[in-house]
Amino acid sequence: MGNWQVTGLDPNYNRDVELILQLFMQSKVVTKSDDIEGRLEFQLSYEGSTIQVNVRVLGQTQPLQGTGIYTHVLTSQLSEKEQRKQIKQAISHALLQALEKLTSVQQPWGILTGVRPTKLYHRLLLEGRTDAETRHHLTEKYRLVPEKTSLLQEIVARQRAALPDLYDLRREVSLYIGIPFCPTKCAYCTFPAYAIQGRNGSVEAFLEGLHQEVRVIGKWLTDHHCKVTTLYVGGGTPTSLESDQLDALFTTLTETIPDYDQIREVTVEAGRPDTLEAAKLDVLRKWKVDRISINPQSFRDETLRSIGRHHTVAETLDAYERAREMGFDNINMDLIIGLPDEDLTIFEESLQVIERLRPESLTVHTLSFKRGSTMTQKRGDYQVAERDEIAQMVKRAREWTAEQAYFPYYLYRQKNILGNQENVGYSIEGKESLYNIIIMEELQTIIGLGCGAVSKLVSPYHRKIDRYANPKEPQAYIDTYQTHIQGKLAVLDQLFDL
Ligand code: SF4
């Protein structure tokens with residue numbers, strides 16, 4: 001991690017500078033250090049309402065030398081916050097320009113960091129812009145390349161076709177249920193997921209709290225005549241639970257959630273194939289679960305071992321076949337690009353298996369070194385593909401899905417994602433996950449129940465979004481769920497203001 005110093009700027013902009021720098025190199029902005037990789041010398045000058053940003057990049061240990069210049073006319077009558085945003089954008093533009101020239105790497109997402117691109121696209125449409133105006137805005141203001149603006153246009157159009165009332169769903173809610181258990185913990189994982197073995201007592205105590213949370217929220221929904229659009233059971237791996245525990249959970253859900261049978265989509269994350277015995281699939285069929293996820297991540301046993309998944313490719317294929325035989329007709333599979341020792345050839349082999357299986361949807365993630373994961377703590381132990389090869393794999397995923405009539409319908413980016421790429425959800429026509437669209441675009445409240453579940457509270461009346469987080473750790477949840485139920489009811493009452 002290289003240290004960079006910034007001169008000529010209010011230090012409040014250091015984080016914004018760092019985000020652009022990190023698109024190109026592992027680096028951080030420091031105010032004091034003897035061990036400096038380089039300096040960024042900024043000069044801001046104003047003439048009337050025009051701001052000009054000049055930046056010089058001066059590498060100490062590498063022969064980096066370059067400049068960027070950006071001129072921007074500040075809109076008149078700006079609030080202090082808005083003015084800061086515009087100055088930040090001008091700084092980011094100048095720095096991006098300098099670094100792109102220096103490295104010959106073009107950033108496809110331009111200066112867009114920390115904002116979900118499709119969410120921004122929806123916002124621009126909701127402000128009254130056409131698609132053409134929105135794309136122009138994204139190119140001018142954020143320097144997105146045309147390939148990305150057309151991808152966003154396609155995704156947003158698919159989302160609106162799947163959920164024609166997407167912009168009018170604020171009086172309904174969706175539900176998320178977090179089951180914090182998995183057979184083992186994967187090396188790249190930062191989800192609230194705890195190995196289930198030996199936890200029998202705490203699983204039961206957790207479920208007791210969860211049932212109570214479901215009942216209380218079910219009553220709140222009934223009292224407020226609030227409909228549920230989608231229900232997603234995730235975690236963790238919900239199918240780590242025993243079949244009778246899953247059965248009991250769905251019994252409580254169907255008894256307490258008003259108009260349960262009108263929920264548009266019920267999904268259960270069955271991510272780990274090693275949890276999918278026939279008895280559990282039977283329970284999911286019995287309760288008419290619409291969509292399940294069986295996640296291979298890779299079709300290479302060595303990779304699965306090295307990332308700590310502790311299941312085999314054969315188990316994935318068996319679980320998939322069993323689910324098909326039992327009548328599941330909406331199955332999602334996840335693949336991860338950039339897993340250790342995997343290259344384009346291996347990724348291509350995974351795509352060939354997917355071609356044979358033909359799940360209804362395919363989510364293609366790019367590996368992200370998340371803070372707190374085992375893989376990040378031991379990053380030196382893992383050999384991963386270089387930026388160019390990652391880009392080739394992402395491109396190949398895009399081409400392959402188009403050839404196979406899978407269409408992109410949601411997209412998100414993460415910090416520390418390899419090669420500054422993105423995660424994309426593809427599906428065949430009409431099998432888009434409605435829940436995924438809703439959670440990505442934040443146009444509806446999602447009430448989170450269970451461990452690590454974060455409620456997203458989208459006001460029906462204005463653009464404000466708040467969050468309410470349940471504890472991540474099972475014991476903390478068991479100890480405090482009563483308090484959290486009351487806390488959540490209070491924020492829901494306030495939000496819906498009835
Ligand atoms: S199966 Fe999913 S939730 Fe569980 S440890 Fe692995 S990545 Fe995390």
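**Exercise 1. Locate arginine 158 and glutamate 154, and characterise their pairing.**

Solution. Step 1: arginine 158 and glutamate 154 both belong to helix 5, four residues apart, about one turn of the helix; helices (H or I, at least four residues) and strands (E, at least two) are DSSP runs, numbered from the N terminus. The model is predicted, so local features need pLDDT of at least 70 and side-chain atom pairs count only at pLDDT 80 or more, while totals for chains, interfaces and linings use all residues. Residues are numbered from 1 along each chain as its sequence is written, and side-chain values use heavy atoms, with hydrogens and water left out.

Step 2: the two residues form a salt bridge, their closest N and O atoms being 3.7 Å apart. A salt bridge is a side-chain nitrogen of Lys or Arg within 4 Å of a carboxyl oxygen of Asp or Glu. Side chains of opposite charge can pair when their charged atoms come close.

Step 3: arginine 158 is buried at 18% relative accessibility, whereas glutamate 154 is partly exposed at 25%. Here buried means under 20% relative accessible area, exposed over 50%, and partly exposed in between (1.4 Å probe, protein chains only).

**Exercise 2. Describe the salt bridge between glutamate 18 and arginine 15.**

Solution. Step 1: the closest N and O atoms of this pair are 2.5 Å apart. Step 2: both residues lie in helix 1 (residues 14-21), and because they are three residues apart, about one helical turn separates them. Step 3: glutamate 18 is buried at 12% relative accessibility; arginine 15, at 37%, is partly exposed.

**Exercise 3. Determine which parts of the chain are linked by glutamate 360 and arginine 324.**

Solution. Step 1: the side chains of glutamate 360 and arginine 324 meet in a salt bridge (3.0 Å, N to O). Step 2: this pair joins distant parts of the chain, with glutamate 360 in the loop between helix 11 and strand 13 (361-366), arginine 324 in helix 10 (residues 313-325), and their positions 36 residues apart. Step 3: glutamate 360 has a relative accessible area of 10% and is buried, while arginine 324, at 26%, is partly exposed. Step 4: elsewhere, Glu348, Lys395, Arg396, Glu399 and Glu403 are joined into one network by salt bridges that share partners. The count of salt bridges comes to 26.

**Exercise 4. Establish the surroundings of glutamate 342, which has no salt bridge.**

Solution. Step 1: glutamate 342 sits in the loop between strand 12 (331-337) and helix 11 (344-357). Step 2: glutamate 342 is buried, and the nearest side chain of opposite charge, arginine 300, is 4.2 Å away. For this purpose Lys and Arg count as positive and Asp and Glu as negative; His and the chain ends are not counted. Step 3: leaving aside residues up to four places away in sequence, glutamate 342 touches Ser298, Arg300, Thr303, Ala385 and Met393, contact meaning heavy atoms within 4.5 Å.

**Exercise 5. Examine the backbone at glycine 236, arginine 143 and glutamate 442.**

Solution. Step 1: the peptide bond from glycine 235 to glycine 236 is cis, with omega near 20°. Glycine 236 lies in the loop between strand 9 (228-235) and helix 7 (243-256). Step 2: arginine 143, although not a glycine, has a positive phi near 60°. Arginine 143 is in the loop between helix 4 (131-142) and helix 5 (146-162). Step 3: glutamate 442, likewise not a glycine, has a positive phi of about 50°, and its relative accessibility of 6% counts as buried.
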